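These are my notebook entries, written while I went through one model and looked up its folds, its spaces and a few single residues.

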Amino acid sequence: MLMSSVAVGGSKAPRSWRSWPQLFTWNNVLGSLALAAAYLLGVWVGIALTFEPIAVSTLWPPNALVLAALLLTRPRVWPLLIATVFPAHLAAEIFLGVPLDMALCWFASNVAEALIGAALILRLLGRMPRFDRVRDLSVFLFAGVVAAPILSSFLDAYFVYLIGWRYTGYWELWRVRLFSNALATLTLVPLVLIWFQTGTAQLWRGKAWKKLEAAALLASICIVSVLVFQRSHAPETAAVLMYAPLPLLMWAVIRHEPNVVALCVSIVALFAITGVLDGRGPFIARSTVDAAMAVQMFLIIAESSLLLLTASLGELRHARSAARRQEESLDLALGAARMGTWEWDFASNRLSWRIGRAGRSRLRTRTVPVAQMLTRVHADDRAGVQRAIDEALAGSGDGEVECRFVNRRGASQWITSRGKLLLDRFGNPRRMIGVYLDTTERKTQELQMRTHREQLAYLSRLSLMGELSGALAHELNQPLAAILLNAQAACVQIAAPNPNLRDITEMLRDIVADDQRAGEVIHRLRALFLKGVVQVRPLAVNECIREVLALERSYLLVAKVKTHVQLADNLPRVAADRVQLQQVLLNLIVNACEAMSADEPHERRLWIESMPGGHGKVDIVIRDSGPGIDDVDAIFEPFFSTKSTGIGLGLAVSRSIISAHGGRLRASRNQPRGATFRITLPMAAEDDQGETQSAAARGDQVS
Amino acid sequence: MSAAQGPNRPLRVAVVDDEPTMRRSFARLLRSTGYEASVYSSGREFLDACQSKPPDCAFIDWQMPGLSGVEVIEHLRRRGIGIPVAMLAAIDDAEVRRTCTALGTHCFLVKPADGVALLNAIESMVSSGSVSSDALAPATNGVAAPIRK
């Protein structure tokens, strides 16, 4: 814990020279003293693990401890650590009877090793290594276990050669020291760093059975290590027995965190080395030096392999955990957006989908055969879904479809789905993936809004028809009156002594024609009065305009408005509901006539034109010579009215009708007087165009 | 009223209506029942004709382009032509009835008007004495019996 305090203290220290006093904080000083104490302990352990007559230990902990301390602190704290370790080193060495010059040289080589290792690791990683990362571990193995011991061992062996204290040959010293320090670094640095990284708090966290398992594992490792390394074995079994702890170590690697692995490895190393020192265990050799060499190599190979495995598994766990977190975030986002994902595997012809659920951590994934899924699509939408699938498979590769799914209770759910086709490397369709959005709420609202809009439009239409009732009655009465008179005239003729059959035939012909005319009027009126379903279909606007003018003929007549009609030829059909478009036209014409009612009859003029609107649109323009509009925006507000009669909904409803058709209704002032209303409607789909409107571009003058 | 008209000549009835079928059918009925019918498609045309040869009575449509029925009557009265006039309208409107009464219209008929009602209106105009005495109203002779109940 003190070490971690050092790390914290060091990390906070500013770089400028004025901050030097901050280096000597309690944390830093106590941390340094703790390192010195650990160093002394390390020397004692190292001496205990030293084979006579070689001056070098089998496992020399002090260097590894300094390296661990350097890695735990910021470089600017390093001088303090080294300065504190120096007296501890000197005291220990002199106490052990090492000559002063030799002790000084060893300090230099030990510190050099720790500094080389720490500097290289920081240089390559930029931070303390993590032992659950393969890259970090590789850097640690290269810099701390291989490069630093190799380089410092040259120095160390040279110092011994110079001073000549217990000199047994340069390369032998180099080799023994290299293995000793490499093993110490490999065993102790991960242990120290991992325990400082994770802290002791982790020991008390987690599930009880997991802690029990770890305790059982450690106990088993101790027992097996004692049985294997602390007892003498027959030469035949010795070579095999050294691998006995491996299953337990693998268990640690697979089931536990790196801290438990490091601890297990240290226990095995300790028992193995002490066993060799006592002349027991499977590492039997001609000399203790060879035995020490064997145990060192065994441990280095075993430990580095285990650490690599730990790192690989750690990365796998991290990747899994990241994937799980992403999945949870995705699920949360999908749930919040009322979305889900799906996948259709062509090999199995099954469809899996995941339902994002807000507020729940678990995803619901379901898989059904595609055919079964299709049976749940609403019968009216099935063809559309099949078409979208066929189009995606035929080449577009992706597509979007909106459909209803019917659940077992018969309730419908609106779904908007977007999919993408994935091909294998030969270009064959392999599967389709996609997302879907539950649009039931939006659809319901849209439906309600549409119903309201249609109801309002209907009421407005009824009100308009009320206003037009007089003119409409005239329109209907004309043919009826003629029929009656013709019929009565025919009766009189037939009763005459010499009936004129030619006259009678003409009368009957007129009756038929007038009856047809009256029928047409009734047919048109019926459509306007009926509260029918709105049916958006390809519609020829010119035909629609003519029908409206036929209905309003009497009205225009009474209003004494001179009407000029100019309909463009070859207009594309628009996608519209006939009755609603007629309602808008009727309303605009009535408004124009009413606006002109105060003018002198010869001044009352109305122009009705149809023309291409550009970008595949059609414009209908209704222009009058009235007094014009003061506020071109306010007139579309509901309940805005300049008339003494009417509720002022006509234009608001007209605009909403045109907007619902994807078009626009705009008003503008004319110069010097009058107003223009322009309806812009989008054309119907290309397939629905059929023959273009055959209206001649003639200047029809209706009245 | 022209002095040139002889005795017992058929009664001349004018029909002023912009609607061709209405003019045609009304004229047929009149001719079938022994009247002399003259038809006009506008008020202006009728007024011009009245200058030289005014009819004995006239049926005028209320709603017409150009001059309306009311305006035609006003013009007639202004010119001193006092023939009896029946007004034909598509709607039975109290306001229109009042206007017609004020202008001295003989009667007000709503379309579709029954042929019998039209013939009765003629008879009524004749019997009121405002029609020239030398003219004959043949409908009263039973020619129109097939359509009378």
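The entries below go from the whole of one chain to its strands, a helix, the empty spaces and a glycine.

**Entry 1: conventions.** I am working with a predicted model, in which local features need pLDDT of at least 70 and side-chain atom pairs count only at pLDDT 80 or more, while totals for chains, interfaces and linings use all residues. Residues are numbered from 1 along each chain as its sequence is written, chains are lettered from A and ligands numbered from 1 in the order in which they are written, and side-chain values use heavy atoms, with hydrogens and water left out.

**Entry 2: chain A as a whole.** I looked up the secondary structure of chain A and found 22 helices and 14 strands, where helices (H or I, at least four residues) and strands (E, at least two) are DSSP runs numbered from the N terminus. Of the 703 residues in chain A, 47% are buried; buried means under 20% relative accessible area, exposed means over 50%, and partly exposed lies in between, with a 1.4 Å probe and protein chains only. The accessible surface of chain A is about 35,200 Å², and 60% of this belongs to carbon and sulfur atoms; the areas come from the Shrake-Rupley method with a 1.4 Å probe, and for residues only the protein chains shown count as cover. I also noted that, among contacts in chain A between residues at least 6 apart in sequence, 69% join residues at least 24 apart, a contact being heavy atoms within 4.5 Å.

**Entry 3: a run of paired strands.** I followed the pairing from strand to strand, taking two strands as paired if DSSP finds at least two bridges between them. Strand E8 (residues 562-567) of chain A pairs with strand E10 (residues 605-614) of chain A in the parallel sense over six bridges, and here Gln566(A) stands opposite Glu609(A). E10(A) is in turn joined by eight bridges to strand E11 (residues 617-624) of chain A, the two running antiparallel, with Met611(A) opposite Asp619(A). The hairpin of E10(A) and E11(A) has two residues between the strands, and His615(A) takes a positive phi near 55° there.

From E11(A), seven bridges lead to E13(A) in the antiparallel sense, and Val618(A) has Leu681(A) as its bridge partner. Strand E13 (residues 675-682) of chain A is mostly covered, with six of its eight residues buried. E13(A) also pairs with strand E12 (residues 664-669) of chain A, antiparallel and over six bridges, and Ala667(A) is the bridge partner of Phe677(A). E12(A) and E13(A) form a hairpin with five residues between them, and Gly674(A) in the turn has a positive phi of about 100°.

**Entry 4: helix H22.** In helix H22 (residues 650-660) of chain A, I listed the buried residues as Gly650(A), Leu651(A), Ala652(A), Val653(A), Ser654(A), Ile657(A) and Ile658(A). Their cover includes helix H17 (440-495), helix H21 (578-595), E12 and E13 of chain A. Just after H22(A), Gly662(A) takes a positive phi of about 80°.

**Entry 5: the largest pocket.** How much space lies in the largest pocket? I read off about 1,200 Å³, and, of the 40 lining residues, the closest to the centre are Trp353(A), Phe405(A), Gln413(A), Ile415(A) and Tyr436(A). On a 1 Å grid over the protein atoms alone, a pocket is an open set with protein on both sides within 12 Å along at least five of seven lines, a cavity is a set of points where a 1.4 Å probe fits but cannot get out, and lining residues have an atom within 4 Å of a point. Grid points are joined across faces, edges and corners, and a volume is the space filled by probe spheres set on the points. E5(A) gives the largest share of the lining of this pocket, six residues. By class the lining has 20 nonpolar, ten polar and ten charged residues, counting Ala, Val, Leu, Ile, Met, Phe, Trp, Tyr, Cys and Pro as nonpolar, Asp, Glu, Lys and Arg as charged, and the others, Gly among them, as polar.

**Entry 6: cavities.** The structure holds three cavities of 30 Å³ or more, and I looked at the second largest, which has a volume of about 40 Å³. Helix H13 (258-277) and helix H14 (288-336) of chain A each supply at least two residues of its lining, and H14(A) gives the largest share, four residues.

**Entry 7: a glycine in chain B.** Gly34(B) is found in the loop between helix H1 (20-32) and strand E3 (36-40) of chain B, and is partly exposed, with a relative accessible area of 31%.
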